[in-house]
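Trainee: I would like to learn how to read a few features from a model. Could we work through one together?

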Amino acid sequence: MNYLSVENISKRFGERMLFSEVSFGLDQGQKMALVAKNGEGKTTLLSLLEGKDSPDTGNINWRKDLNIASLDQDPHFQKGLTVKQFLFSGGNEQVKAIEKYREATENPENIERLQEATELMDAKNAWDYDAKLNKLLSIFEMDQLPMGQTVDLCSGGQKKRLALIKLIVDEPDVLLLDEPTNHLDIGMIQWLEEYLSQESITLFMITHDRYFLNNTCNQILELDFGKAYRYQGNYEYFLQKKAEREQVEQNTIEKKKNLYSREIEWMRRMPKARGTKSKSRQDQFYNLQDDLKKKKSEQEMEMNIKAERMGSKIIEMHHVKKGFGDLKILQDFSYTFKNKERIGIAGKNGSGKSTFLKMIMGLEPVDGGKIVQGETVKFGYYSQTGMNIKDDKRVIEVIKDIAEFIPLEKGRKLTAAQLLEQFLFPKNQHYNYVSKLSGGEKKRLYLLTVLMKNPNFLILDEPTNDLDIKTIRILEDFLLEFPGCLMVVSHDRAFMDRLSDHVFYFEGDGNIRDFPGNYSQLLVDLKDREQAAQQAESQRKSQATSTSKEQKSNFTDRLAYMERREFNKLEKEIAKLESKKEEMTALMSKGELDSKELLELSEDLGKLVEEIDEKTERWMELAERA
């Protein structure tokens, strides 16, 4: 069943044509990823599908009565809205049923209304809504967030996760997601991966996470120089077919270059007065020239910035302790960093990874122990919060504020303008205001400001967020050749796998495990440990159950033995008491006792009868069980 039809749409951004004649469709159950370089119009296309903007030409048609939900890169919320109000807002049928039921329970005397609300809860299966919501809050580690807190007081990561939880719990027909894995730790990403892989989910998504993309999507839509290319397969298939397409295009370009060489000679030889045929050929020449210029503008980002020399002493951590109240970040941690070391940093959100990085740079004090830094260490720090660049500042001014010239290897220099071009900021963008850059372009500019300071110890905290896949791959290649030390925090598994020699894993409670392998190997190890722990726990419970049964059996056997002894003893005791009763009765019937003695004997006989009754009742109970 077709859900979406996009026919020949185009969109301009100022004077620039982002894309034109883009056509594609989305069927029920399909999962499509949109891939393009930063600034090519990914977010713009997504906003067109959401209906937030209109195409300049062409049509976008959704099937009627579809429930379409979107997740923005940076979700925005109504000011003053509480977490609870947000989670229970919207037109979801289950939420409506819950609200009607709550209203009905406020006036329980209206039995008919309460009955209708109860039936609606049953019909919409709304009883499970709270349970499902609580499960998602736990998965995304938002269950400790006060429901009465206003959303605008939440961090950017909390807002993203809240928006994602709301989207999932509402179960829309179509999901439109912009970078859904940002601000998620690996456990959350893996859960989301499994959820989105369900056959019933229809998805259109932008993501830079290559593993996530490959494991989730079965359709790839690529925007490249304003044109759309569709691939029926996952990310691995896309890479293969894209390479084949580019090879065909390269062959075509070579032919066009040869043709261009011949045509330019013809243009030079031709007299000024031209006939109709000559004019037509002239037009073809200029079209050919424009086409070749367009292809020439596609260049790889070059990253050959020089790093400062690193001395033998880098950083030494001696018995370092750090915590915030009950939260322990480090507990007696020691480590000596080596030159050209590449360390991945992994652990759950809130485990202290960013704090650890700041402590190394001296931006965060230690509670105990000491950190000794070598004199030649020069940090380059890329923070996940980004840099504060004023929107009214021009792109080239951001670079010139740091340096007019950048030193390279062998005494060479680069001007600020040349450096921008190497980082894929063409000349026509240099004097644009920062406000005109896309989210990914702003991140790329920030990365440039970090690298141009020639650091020899790079610390990157979630550097891949909002970068396009092509830029990430180029960044990876640069970092593999980087001559200094590197520490990376990232939930991008492909990025971490290529760059980390070993991983500091934050286990919690102040413990850091130095794992001798890459990120994927760590995840396998963690899964193996989890399964081993589950098996051990299952075995322990089994043994405990077995021991309990054995103890119970032993107790039962022991009880049976004791009861048999009691049964036999009671028979003898009852016989003796009955004999004594007969003697007392006989003595009372002789008439030889005075009134006082008779009264005393009568009381004793009464007590004796009670004792016989009790013992007889117990004997009968044991006799039945026997």
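Mentor: We will take cysteines, helices, a lysine and the nonpolar cores in turn. Keep in mind that this is a predicted model.

Trainee: How many disulfides does the structure hold?

Mentor: The test is a distance: two cysteine sulfur atoms must lie within 2.5 Å. The structure holds zero disulfides. As for burial, Cys217 has a relative accessible area of 4% and Cys485 has one of 1%. Both count as buried, because the cut-off is under 20%.

Trainee: What span is expected for helix H16, and what do its end C-alpha atoms give?

Mentor: The expected span is 1.5 Å times one less than the number of residues. For the 13 residues of H16 that comes to 18 Å, and the end C-alpha atoms are 19 Å apart, so the two agree. Helix H15, residues 439–451, also has 13 residues. From its first C-alpha to its last, H15 reaches 19 Å, close to the expected 18 Å.

Trainee: Is H15 mostly covered or mostly open?

Mentor: Count the residues that are buried. In H15, eleven of 13 are, so by the cut-off of under 20% the helix is mostly covered. Charged residues are on the list too: Glu441, Lys443 and Arg444 are among the buried ones, along with Leu445, Tyr446 and Leu447.

Trainee: What covers those buried residues of H15?

Mentor: Look for elements in contact with them. The cover includes strands E14 (379–382) and E17 (457–461), and helices H12 (395–400), H13 (416–422), H14 (427–430) and H16 (469–481). H16 has buried residues of its own, including Ile469, Ile472, Leu475 and Phe478.

Trainee: Which side chain reaches a backbone nitrogen at the start of H16?

Mentor: That of Asp468: one of its side-chain oxygens comes to within 3.1 Å of the backbone nitrogen of Lys470.

Trainee: Is Lys242 buried or exposed?

Mentor: Lys242 sits in helix H9, residues 235–269. Its relative accessible area is 17%, so it falls under the 20% cut-off and is buried. Setting aside neighbours within four places in sequence, Lys242 is in contact with Glu222, Asp224 and Tyr231.

Trainee: Which residues touch the most other members of the largest nonpolar core?

Mentor: Leu87, Phe140, Leu162 and Leu196 do, in a core of 50 residues. Helix H6, residues 156–170, supplies the largest share of this core, seven residues. A second, separate core has 43 residues, among them Val434, Met452, Phe495 and Leu522.

Trainee: What does Leu87 touch?

Mentor: Not counting residues up to four places away in sequence, Leu87 touches Tyr129, Leu133, Leu137, Met147, Leu162, Ile165 and Lys166.

How values were computed
Residues are numbered from 1 along each chain as its sequence is written. This is a predicted model: local features need pLDDT of at least 70, side-chain atom pairs count only at pLDDT 80 or more; totals for chains, interfaces and linings use all residues. Side-chain values use heavy atoms; hydrogens and water are left out. Buried means under 20% relative accessible area, exposed over 50%, partly exposed in between (1.4 Å probe, protein chains only). Helices (H or I, at least four residues) and strands (E, at least two) are DSSP runs, numbered from the N terminus. Contact means heavy atoms within 4.5 Å. A polar contact is a pair of N or O atoms within 3.5 Å; within protein, one must be able to donate a hydrogen and the other to accept it, and residues adjacent in sequence count only if both atoms are side-chain atoms. A nonpolar core is a set of buried Ala, Val, Leu, Ile, Met, Phe, Trp, Tyr and Cys residues joined through side-chain atoms within 4.5 Å.
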